[in-house]
Amino acid sequence: MTKQFQKLLGIGVFIIFAVIIMGFDQNRLIDSRSFAAVVSGTSILTLSQLYKKIKVRQIIVFARWNAFFSGLLITLLTFLTRITDPEILSRGDSSMVAFVPVIYGSVLFLIFDWLSDQSKYASHNSKDANVKTETTQAPALSMQQATEVLAVHGFSPREVHVALKIIENCTNKSIATQLYISEATVKKHIQNMFRKCGAEDRAAFIDLYKIWTAEYFKSVSR
């Protein structure tokens with residue numbers, strides 16, 4: 001709850017800054033066209049990232065960042081349009097209206113972030129002791145099987161290599177050395193991987209991988 005409050009506080013401070021410091025008319029915060037544009041952009045970007053067997057929580061994670069990106073992009077385009085339109089400039093119309101989409105995007109970000117947390121907790125609570133034991137004791141996958149499992153969950157070939165090293169408990173420096181890439185590149189791959197599967201850290205990712213392993217052996221044994 002504290003994390004959610006901090007994010008909500010950040011959005012509140014931004015809105016107050018826009019309204020008070022920039023002299024923005026709060027009545028203009030209600031803009032159906034801006035809201036529709038942000039929602040449409042979020043939907044289009046999220047649909048373009050879907051893949052086979054994607055989990056609901058992963059879709060929510062995609063939508064979370066897509067909402068913020070859509071609001072930011074629409075704000076930028078609107079702002080550029082307003083400051084380059086002689087008619088708008090001659091009327092002295094406030095360009096702060098352009099910042100409405102990024103506010104909508106930020107609010108949607110918070111909503112999707114809350115849904116992501118709720119989905120994570122629900123998923124954890126739905127696992128009983130028997131399922132956890134089975135997952136923990138699942139046999140190891142071969143290199144080819146592991147690559148197939150990770151690819152199904154949207155990982156690129158390079159991300160698969162990094163993921164396998166994480167599963168082996170290699171450090172970022174060790175991964176960089178073994179794959180002949182920089183540590184910064186390793187960190188970037190890890191960020192992308194965690195975003196795709198909704199993992200918060202290495203431990204959460206390894207737990208997910210164990211679940212995927214158990215699901216894989218269930219599917220091939222049928």
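In this short talk I will go through the nonpolar cores, one helix packing and some aromatic pairs of this structure.

Please keep in mind that this is a predicted model, in which local features need pLDDT of at least 70 and side-chain atom pairs count only at pLDDT 80 or more, while totals for chains, interfaces and linings use all residues. Residues are numbered from 1 along each chain as its sequence is written, and side-chain values use heavy atoms, with hydrogens and water left out.

Let me start with the cores. A nonpolar core is a set of buried Ala, Val, Leu, Ile, Met, Phe, Trp, Tyr and Cys residues joined through side-chain atoms within 4.5 Å, where buried means under 20% relative accessible area, exposed means over 50%, and partly exposed is in between, with a 1.4 Å probe and protein chains only. The largest nonpolar core has 24 residues, and those with the most contacts inside it are Leu150, Phe155, Val162, Met193, Phe205 and Trp212. Two or more residues each come from α7 (143–152), α8 (157–167), α9 (172–179), α10 (183–197) and α11 (202–221); helices here are DSSP runs of H or I with at least four residues, strands are runs of E with at least two, and both are numbered from the N terminus. Apart from this core lies another, of six residues, including Val38, Ile74, Val100 and Tyr104.

How, then, do α9 and α10 pack? Their angle is about 110° and their axes are 8 Å apart, the axes being lines fitted to C-alpha atoms over the stretch in contact, with angles from 0 to 180 degrees between N-to-C directions. α9 and α10 are therefore roughly perpendicular to each other, since angles of 65 to 115 degrees count as such, under 35 as roughly parallel, over 145 as roughly antiparallel and the rest as oblique.

Finally, the aromatic rings. Rings of Phe, Tyr and Trp (its six-membered ring) pair if their centres lie within 6.5 Å, and planes under 30 degrees apart count as stacked, over 60 as edge-to-face and the rest as tilted. The whole structure holds seven aromatic pairs. In one of them, phenylalanine 35 and tyrosine 104 have ring centres 5.6 Å apart and planes at 90°, so the pair is edge-to-face. Phenylalanine 35 lies in helix α2 and tyrosine 104 in helix α5, so the pair ties together parts that are 69 residues apart in sequence. Phenylalanine 35 is partly exposed at 40%, whereas tyrosine 104 is buried at 14%. Phe155, Phe194, Phe205 and Trp212 form one aromatic cluster.
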